[in-house]
Amino acid sequence: MEMGTSLNWDGIVETLGPKLYRYFCARFEDVVSDDLTQETLVRLVSKVNSGEFDHSKGTLEMFAFGIARFVRLEELKRNHHSDYEDSNNIDPQGLLEESLEKSNEIVLLRRGISSLSEPEQEIILLMVDQDWGHQQISQHMNMPIGTVKSHVHRAKKNIFNFLNTKGGVSYGRL
């Protein structure tokens, strides 16, 4: 994208803002998620205006989620949650019940997602919240597509087990 190209930033913020916010809500409190969403959007505008966005390498949304991923990892490190395998001590259940006011099943599902390893969690959130496919996730995370598929398979199995044990509900066989 050339620096002189004009974008409808209001429309972009209106479209990407809620998606980014949901992305951050899976791990952080509402206030922190709001701050991280704003930080991501500010960085997005800055990077696009400085000519760092290359449309031939992906969409503006993918670029924004690349920035969001970096912002999310910075926040985890800043708050001493950098051990991604054991970063599940942030329990989003209460936060999700307050902010989303959805059914217990949705809250339980989000808790199951938060119990995953960091790469599995990232991949599942992109699939669920952004409706991205394996190829988009592979490009976004700079990971072979086979590795993405393995993470998806493992994540589904782990969420299934979580729901059957923690949820107290039997969902049958996977």
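Visitor: Which residues are exposed on the other side of helix H8?
Guide: This is a predicted model, with local features needing pLDDT of at least 70, side-chain atom pairs counting only at pLDDT 80 or more, and totals for chains, interfaces and linings using all residues. Residues are numbered from 1 along each chain as its sequence is written, and side-chain values use heavy atoms, without hydrogens and water. Val-148, His-151, Val-152, Ala-155, Ile-159, Phe-160, Phe-162 and Leu-163 of H8 are buried (under 20% relative accessible area, 1.4 Å probe, protein chains only; exposed is over 50%). On the other side of H8, the exposed residues are His-153 and Thr-165.

Visitor: Within what arc do the buried residues of H8 fall?
Guide: The arc is taken from the directions from the helix axis to the C-beta atoms. The buried residues of H8 line one face of the helix, because seen down its axis they fall within an arc of 165°.

Visitor: How far apart are the end C-alpha atoms of H8?
Guide: H8 comprises 21 residues, 145-165, and at 1.5 Å a residue it should span 30 Å. The model agrees with this, as the end C-alpha atoms lie apart by 30 Å.

Visitor: Which residues of helix H2 are exposed on the face turned away from its buried side?
Guide: H2 covers residues 30-49. Its buried residues are Ser-33, Leu-36, Thr-37, Thr-40, Leu-41, Leu-44 and Val-48. They cover an arc of only 135° around the axis, so they lie on the same side of H2. The face turned away from this buried side carries the exposed residues Val-31 and Val-42.

Visitor: Which residue with a positive phi follows H2?
Guide: Its phi is near 85°. The residue that follows H2 is Gly-51.

Definitions and conventions:
Helices (H or I, at least four residues) and strands (E, at least two) are DSSP runs, numbered from the N terminus. The expected span of a helix is 1.5 Å times one less than its number of residues.
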